[in-house]
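Dear colleague,

Please find below the structure that I am handing over to you. I would be grateful if you could read the notes after it alongside the model.

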Amino acid sequence: GDFFAISGYVSAYTSTEVGEQKASAKLTDTPAQKWWLSKVMSFYPMHWLVLLLFSPMFIYADVTTKGWPTAGINGLLSATLTQAWMPMHAEVWNAPTWFLSSLAFSMAVMPFCLPKIATMDKKALRKTTGWLWLVNSLPVLGYVLDHNVWLVEGMTAPKHHPALAVFNAQRFHPVFNVAEILMGATMCRLAMLDDDKENKIKPTNWMSTAMPLLGCLGILVARASGLVPDCSDLLVRSLIFTPLFLKFVLGSHRNTVAGAWDPISNVLSNKALVWLGGLSFPIFVVHGPLGQVFYKRLIATKLWGGVLWGPQNFALYLASVFGLAIALQKFFLQNKAVGNWSKKKAEEFAGWM
């Protein structure tokens, strides 16, 4: 949920004007399909490359367990980033990239929604955020109530889950993630209008980040330690965690712009953490396939004779993830030829659409 929310936040920040109730020219003067494809092509090439690198492993696992037809279908879903539309197949091949699949299609609404959101004043933005929170929460409440699944994700084996397809749809399906992206956009606009003379600047200080962060951490600790009854992760995410996370991001944004003393924001702006943040995307894309190399029984047994348990192998796994991520960052993501190719393809696809 937080990844979708922060994606909407960043999109609003880069595509609307600070201190003005209007969208930026690069959004309004760009055809909707071209704007959308430019966002998708910022991560699609990396996804394709990692699929290509690890495709022998993915194909071997599918062919060995389910046959060539399954391998072909899963490969097609992964290559086209359409797996999030199939709730029971969303985690095929490189499982974490279901997020990229869902994000790609969820973002398609932004060229149409952002211009309208950009015209809103703070009162309208707060109301819209509230309605979006309700829209985001109601499907989850319906799922939990109708199927009586007041349980923690992962506590029930898939075969025994009373509504696994519905549960997966709530997690993966692009339609169910649009509201969180739009919530991120409306929250960002609240901070961006602090310079608007018609809107009073909201006083801000280090408590603006500390309290929401403590709330998020408190939820995690309370649930992990059993201080609160077990309940659906989807419910906690929609009702409480994502709003608190967005409050934290909003507070950090405001404190940074205002120059307010904020030790949490200062820590997050540390050069080492900024460097890690820049590396987060390649880490995200490669940690799943490398995890299969080390820990998926079928693959690890074929390669090493068994699963690589133990702290020394876990350290090797982490080193492999960082090493491959750094290499991809340096030689692929930062490669100007790749960037130019992505831009060219986005324009070609936009023209075709």
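The notes below cover the largest pocket, two helices with buried residues, one helix pair and a single glycine.

This is a predicted model, in which local features need pLDDT of at least 70, side-chain atom pairs count only at pLDDT 80 or more, and totals for chains, interfaces and linings use all residues. Residues are numbered from 1 along each chain as its sequence is written, and side-chain values use heavy atoms, with hydrogens and water left out.

The largest pocket has a volume of about 1,600 Å³. Of the 40 residues that line this pocket, D2, F3, I6, S7 and V10 are the closest to its centre. Two or more lining residues come from each of α1, α3, α6, α12 (233-258), α13 (263-268) and α14. By class, the lining comprises 22 nonpolar, twelve polar and six charged residues. (A pocket is an open set of points on a 1 Å grid over the protein atoms alone, where a 1.4 Å probe fits, with protein on both sides within 12 Å along at least five of seven lines; lining residues have an atom within 4 Å of a point.)

Helix α6 (98-106) is mostly covered, with eight of its nine residues buried (under 20% relative accessible area, 1.4 Å probe, protein chains only). They are W98, F99, L100, S101, S102, L103, A104 and S106. These residues pack against α1, α3, α4, α9 (164-172), α10 (178-192) and α14.

In helix α3 (residues 32-40), the buried residues are W35, W36, L37 and V40. Their packing partners are α1 (2-15), α2 (25-28), α4 (44-65), α6, α7 (110-118) and α17 (336-352).

Two packed helices are described by the angle between their axes and the distance between the axes. For α14 (residues 271-295) and α15 (residues 297-304), the angle is about 60° and the axes are 6 Å apart. The two helices are therefore oblique to each other (neither under 35 degrees, nor 65 to 115, nor over 145). On the α14 side, Q292, V293, F294 and Y295 meet R297, I299, A300, L303 and W304 of α15. The residues of this contact divide into seven nonpolar, one polar and one charged.

Finally, G215 lies in helix α11 (residues 207-224). Because its relative accessibility is 23%, G215 counts as partly exposed (from 20% to 50%). The C-alpha atoms of G215 and N313 are separated by 35 Å, and these residues are 98 apart along the chain.

Yours sincerely

Definitions and conventions:
Helices (H or I, at least four residues) and strands (E, at least two) are DSSP runs, numbered from the N terminus. Contact means heavy atoms within 4.5 Å. Axes are lines fitted to C-alpha atoms, for helices over the stretch in contact, and angles run from 0 to 180 degrees between N-to-C directions. Ala, Val, Leu, Ile, Met, Phe, Trp, Tyr, Cys and Pro count as nonpolar, Asp, Glu, Lys and Arg as charged, and the others, Gly among them, as polar. Grid points are joined across faces, edges and corners, and a volume is the space filled by probe spheres set on the points.
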